[in-house]
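I opened this notebook page to record what I looked up, one entry per topic. The entries follow the order in which I went through the model.

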Amino acid sequence: MPTKPTIARIWRGRTRPDVADEYERYIRAEGIPPLEKTALGVQLFREDRDEEIWFTTISYWADMEAMTSFTKGAPTEVHHLDRDPEFLIALPERIEIHKILVDEQSLR
């Protein structure tokens, strides 16, 4: 199996500030573990703004075939977590899929 990703799959969602901490715990418990088991890597970001909190999940894949297998044949379809409607201001309607053109992570 390849170990260098060629594809990044990006999901974004936003919550109200009063539920953001609970949603963070929820997404860490329910959304991230399946990606950790299958993707080559995963990152979860949180951006606190005045009126809403943005969450971004980026998962990294060897190729489209690996990502398509994980998403049951629908890589661009949003697969909402069970409690997303309870937490999110609006359910995201799309997933971004990007080809990775440069992947240098020699952090200084």
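Before listing any charged pairs I fixed the criterion: a salt bridge is a side-chain nitrogen of Lys or Arg within 4 Å of a carboxyl oxygen of Asp or Glu. I also noted at the start that this is a predicted model.

**Entry: salt bridges**

I looked up the total, and the structure holds 13 salt bridges. I then went to one of them, in which the side chains of Glu 96 and Arg 12 meet with 2.4 Å from N to O, a distance that falls within the 4 Å limit. Because Glu 96 belongs to strand β4 (residues 96-99) and Arg 12 to strand β1 (residues 7-15), this pair ties together parts that are 84 residues apart in sequence. For Arg 12 I found a relative accessibility of 34%, so I wrote it down as partly exposed.

Next I checked Asp 18, which forms a salt bridge with Arg 16, and there the closest N and O atoms are 3.0 Å apart. Asp 18 is exposed, its relative accessible area being 59%, whereas Arg 16, with 39%, is partly exposed.

I also recorded the salt bridge in which the side chains of Arg 83 and Glu 86 meet at 2.7 Å, N to O. Both partners went down as partly exposed, Arg 83 with a relative accessible area of 30% and Glu 86 with a relative accessibility of 47%. Elsewhere in my list, salt bridges that share partners join Asp 21, Glu 24, Arg 28, Arg 46 and Asp 48 into one network.

**Entry: Arg 28**

Since Arg 28 is a member of that network, I looked up its surroundings. Arg 28 lies in helix α1, which covers residues 17-38. Is Arg 28 buried or exposed? I found a relative accessible area of 52%, so Arg 28 counts as exposed, the cut-off being over 50%. Leaving aside residues up to four places away in sequence, Arg 28 touches Pro 33 and Leu 44. For Arg 28 and Leu 44, which are 16 residues apart along the chain, I noted a C-alpha separation of 8.3 Å.

**Entry: strand β1 and its partners**

I then returned to strand β1 and asked how many of its nine residues are buried. The answer is seven, so β1 is largely enclosed by the rest of the structure.

For the pairing, I found that nine bridges join β1 to β3 and that these two strands run antiparallel; as one instance I noted Ile 10, whose bridge partner in β3 is Ile 58. Strand β1 is also joined to β4, by four bridges and again in antiparallel fashion, and here I noted Arg 9, whose bridge partner in β4 is Ile 97.

**Entry: Ser 59**

My last look-up was Ser 59, which lies in strand β3 (residues 53-61). Its relative accessibility is 3%, so I entered Ser 59 as buried. The side chain of Ser 59 makes a polar contact with the side chain of Trp 61, at 2.8 Å. Not counting residues up to four places away in sequence, I listed Ile 7, Ala 8, Arg 9, Leu 35, Ala 39, Gly 41 and Val 42 as the residues that Ser 59 touches.

How values were computed. Residues are numbered from 1 along each chain as its sequence is written. This is a predicted model: local features need pLDDT of at least 70, side-chain atom pairs count only at pLDDT 80 or more; totals for chains, interfaces and linings use all residues. Side-chain values use heavy atoms; hydrogens and water are left out. Buried means under 20% relative accessible area, exposed over 50%, partly exposed in between (1.4 Å probe, protein chains only). Contact means heavy atoms within 4.5 Å. A polar contact is a pair of N or O atoms within 3.5 Å; within protein, one must be able to donate a hydrogen and the other to accept it, and residues adjacent in sequence count only if both atoms are side-chain atoms. Two strands pair if DSSP finds at least two bridges between them.
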